[in-house]
Amino acid sequence: MTTTQATADLSKNPLLSPSWLPHFKAIQARDVEPAIRYILTKNQAELEDILKKNTQPTWTSLVQPLDELSEHLSQTWSPVSHLHAVLQSDELRDAYNASLPLITEYATLLMQHQGLFKAVQALAQSKDYEELDFAQKKSIEHALRDFRLAGVHLDAKKKEKFLELEKKLSQLSIKFSENLLDASQSWFMTISDKSQLAGLPESALELAQANAKQRGVEGWVLGLDYPSYSAAIKFLDNRELRQKLYEAYATRASDQGPDAGKWDNSTIMNETLACRHELAQLLDFKNYAELSLATKMAKEPQIVMNFLEELLKQCRPFAEKEMAELRQFIKSVKGPEEIASCDLSYYAEKLRQAKYNFSEEEIKPYFPITKVLPGLFALVNKVYGLIIKERPHVETWHPDVTFYDIYDEQHNYRGGFYIDLYARPKKREGAWMDECRKRRRLPDHNIQQPIAYLTCNFTPPLDNKPALLTHDEVLTLFHEFGHCLHHLLTKIDYPAVSGINGVPWDAVEFPSQIMELWFWEDEIIKMISGHYETGEPLPKKLHQQMLAAKNFQSGLHMIRQLEFALFDFRLHLEYQGTQVHFIQKIIGEVRTRTALLPVPAYNRFQHSFAHIFAGGYAAGYYSYAWADVLSCDAYEQFVEHGLLDRATGESFMQNILEKGGACEPLDAFVAFRGRKPEMRALLKQNGWIEK
Ligand code: ZN
C-alpha cells in the first residue's frame, strides 16, 4: 500500500472524524482496525513530542494534551465496542478481536512508560501541583497508583511478561464471552404441540412464537436468552421440559449438558486465573484479590471476607426458613418428592401466588414502558430537578433506540443518553450502562458534555402493544438509569475522575442500587404505573400484595448473591496455581454453606459467570452487596426527610453524583449522611429486622 492510498483510505474512514454523537450507520467493520492502528501510531508519536517539550511539566503542558490523546482513542473505540456488544456481526467480531489486543498493548505500554511516569511524578512534586484543585490532584494520585499497577517499576523482562499477560487476559475474556453468546444462542427447543406449553403466560407464548418465526421454524421456540428462559423456568408446567431447559442453561459453554464441549470455557477459566495470579505476583501482591483491592474502597481481603461472612450469618436463618416453607408448600400441592433445581423457580412462583395472591402477569399491564419511562423521568425531576427530553432524529444503531437530553433545574445542559431496551439476536445478554463520551474541559475551555449508553434486554413489544415490564425489569431500568445519572451529572472536568471514572468498583453500584429503592413506594408507583389500555395506575390492592411480596425469599436471593461473591473472592484469594479442579473445588466448598438444596453435579454455573471472567468484577463481585449497604443506608436519609425531598436530593446530587471519582467514596458518603455507613438499613430493607 502506498502512502497516498493509505491517506486516501484513512480520510474516508468515518471512525477518524469523530463527531459529538457517533455516526453508527457509517461504521463498517473493515474500517475499525486501520483506524485504531492509525490513532495508536499517531498517539505514540505525539506522546514522545509532548514529553520532549515537558522539561517542567504542568497540568496544561502535560495532562491536558495527554487527555486529548486518550479522548481521541476513546471516541473512536467507544461506538465500536458498543456495537460489538449490541449488534455483533461476524465481521465486527473479527475487527474487534483484531483491535482489542492493540489497544491493550498501547494502554499497558503507556502506563509502563518511564518517561511519562517521571513527568507525572515531577508534576506531583512541583509547585504547580499545589495550585491544582482536588479533582486534578486526585487524577494525578490515581495516575501514579496506576503506573505502579501496570508495572512501571519492573525491569524490561518483567514488563514484557506483564504485557504478555494483559494481552492474553483480554483475549481470554473475549473468547469467554463469545463462547457464552454462541452457546446461549445456538441451543433451543422447538415445540409444535401447544399443550406442552401449559402454564406459560400469554406474553411468554407470544415471545416463543416470535422466536420461532425469527428462526424460521414452525410452532414455538424456547431458548436460553434471558426473557425466554426466565419465563419458561418459572411457569412451564411440564417438568420434563423445565428439566431440559435448566440443564441446557446451567451447562452453557461447558463440558456438560446437551452441547458439552462445543463452546467449553473450562480451559479459558483456568488460564484466566493463572494469568491473573501471575500478574498479581509480578506486582508483588500475594494474589489477585489483593491486586483487585488496590483500587477499591475495601482495602484488605480480610475486610471483604468479614463483610461477606457477617452478611451470610445475618441472612442464612431467613434463607433456611424460606426453603423450609417452600418444601412444605411443594408437599402440600403434591409436587415432586425429590425437589430438583428446575423446580425452585416454578414452585417459588406458585408459592408466591398462593401467599400473596397475584402473579407477575397481573402486574405487567400496569407497567408499559410508555408509562414507566416518563414516570422515572418525573421522579428525577422531583428529586434532582432534572428535565429530560427526547431528541428525535438522532442517528442510532437500531430502530428501537432513542436518545434523550438531560437539563438541570437551571436549564443547563448536563448530557445525553441512548436507550436500547429490548432483547434481540446478536445482542449481549444483561443490562448495563456504558460511556459514549466523558465530561471534560476542552482546550478551548468549553465543556464536553457526557453521553451514555443504557442497554437492557427486556421482552420486546409484541402484537402492537407497548412493552409491558415485569417489576424486575422496572427495577433493572431504575438501576441502570442510576448509573447513567452518575455518569451524566458529574461536575468534574477531568476525564480520569469525571462520572464513573476513578470511582472504586465497590462504590460504583451505590448510585444505581439506591434508584431501585424508590420503586416500591406508594408515591412513586403512582407516577410510573398506568394500565396500557385504561391508564389506570396499579390498583392499591395489587400494590399492597406486591409490597407484601417484596421480601419474598429475600434470604434465598441474598444467599445466592453471597455464593457468587464468596466463590469469586475465594477463587482469587486462594489460587496457588497448582491445584487441579480448583474452580469446581471452591464452588463446591462455598456451596456447603450457601446451597440449601443439592446442586446437580452437571451444573456449571461458573462457565457463564461473565461478571468475573469477561467483565470487571474479578475479586469484586462482593461490590454489589457492599454498595447495597451504602445505598440502603443513604436511602434512609430520604425516608427520614421525604422521598421526594428536593433538599435531600440536592445533597445527594452534590455530594455523590456530581463528585465522580474525585472524592473518596467514604468521605462522600459521610458528607451526605453525616456519619459512616451502617449495615442496619440493608437488613431492614430485606425484612430481617423490624421497620
Ligand atoms: Zn449496576
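Tutor: Before we start, one definition: contact means heavy atoms within 4.5 Å. Please also keep in mind that this is a predicted model.

Student: Happy to. Where does His487 lie, and is His487 buried or exposed?

Tutor: His487 belongs to helix α18, which covers residues 471-488. Its relative accessible area is 1%, and the cut-off for buried is under 20%. His487 in helix α18 is therefore buried.

Student: Which residues is His487 in contact with, leaving aside its neighbours within four places in sequence?

Tutor: Several of these partners fall between 433 and 452: Met433, Glu435, Arg437, Lys438, Pro450, Ile451 and Ala452. The list of contacts of His487 is completed by Gly499 and Ile500.

Student: Let's turn to the sheet. In what order do the five strands stand, and which strands are at the edges?

Tutor: The sheet is open and its pairing is mixed, with the order β3-β4-β5-β9-β6. Each edge strand has a single partner, so one side of each is left without a neighbour in the sheet. Those edge strands are β3 (387-390) and β6 (432-437).

Student: By how many degrees are neighbouring strands of this sheet turned against each other on average?

Tutor: Here the direction of the strands is ignored. The average turn between neighbours in this sheet is 25 degrees.

Student: At the β3 edge, how many bridges join β3 to β4, and which residue in β4 stands opposite Ile387?

Tutor: β3 and β4 (residues 402-407) run antiparallel, and the bridges between them number four. Opposite Ile387, in β4, we find Tyr407.

Student: And at the β6 edge, how many of the six residues of β6 are buried, and which residue is the bridge partner of Met433 in β9?

Tutor: β6 is mostly covered, with five of its six residues buried. β6 and β9 run antiparallel and are joined by five bridges. In β9, Met433 has as its bridge partner Leu454.

Student: Which strands does α18 lie across, and which strands does α17 lie across?

Tutor: α18 lies across β3, β4, β5, β6 and β9 (451-458), running at about 170 degrees to β9. Helix α17 (residues 369-384) runs at about 155 degrees to β5 (413-422). The strands that α17 lies across are β3, β4 and β5.

Student: Now for helix pairs. How are α19 and α26 oriented to each other: roughly parallel or roughly antiparallel?

Tutor: Helix α19 (residues 510-518) and helix α26 (residues 646-657) pack at about 155 degrees, and their axes are 12 Å apart. An angle over 145 counts as roughly antiparallel. α19 and α26 are therefore roughly antiparallel.

Student: What is the handedness of the crossing, and how do the residues of this contact divide?

Tutor: α19 passes α26 in a right-handed crossing. α19 contributes Phe510, Pro511 and Ile514, while α26 contributes Phe652, Ile656 and Leu657. These contact residues divide into no polar, no charged and six nonpolar.

Student: And why are α10 and α11 described as they are?

Tutor: Helix α10 (residues 226-235) and α11 pack at about 140 degrees, with 10 Å between their axes. An angle over 145 would count as roughly antiparallel and one of 65 to 115 as roughly perpendicular, with the rest, apart from those under 35, being oblique. α10 and α11 are therefore oblique.

Student: What is the handedness there, and how many residues of the contact are charged?

Tutor: The crossing of α10 and α11 is left-handed. Tyr226, Tyr229, Ala232 and Ile233 of α10 meet Arg242, Leu245, Tyr246 and Tyr249 of α11. Seven of the contact residues are nonpolar and none polar, and the number charged is one.

Student: Some loop residues next. Is Ala253 buried or exposed, and is Asp284 buried or exposed?

Tutor: Ala253, in the loop between α11 (239-250) and α12 (266-282), has a phi near 55 degrees and, at 4% relative accessibility, counts as buried. Asp284, in the loop between α12 and α13 (288-293), has a phi near 70 degrees. With a relative accessible area of 67%, Asp284 is exposed.

Student: Finally, which residues is Ala618 in contact with, leaving aside its neighbours within four places in sequence?

Tutor: Ala618 is in the loop between α24 (610-613) and α25 (623-641). Ala618 counts as buried at 7% relative accessibility. Its contacts are Arg276, Tyr288, Ser292, Asp568, His572, His611 and Ile612.

Definitions and conventions
Residues numbered from 1 in each chain as written. Predicted model: local features only at pLDDT ≥ 70, side-chain atom pairs only at ≥ 80, totals over all residues. Heavy atoms only, no water. Axes fitted to C-alpha atoms, helices over the stretch in contact; angles between N-to-C directions. Helix = DSSP H or I, 4+ residues; strand = E, 2+ residues; numbered from the N terminus. Left-handed = near helix turned anticlockwise from the far one by under 90°. Nonpolar A, V, L, I, M, F, W, Y, C, P; charged D, E, K, R; others polar. Buried < 20%, exposed > 50% of the residue type's maximum accessible area, 1.4 Å probe, protein only. Pairing = 2+ DSSP bridges.
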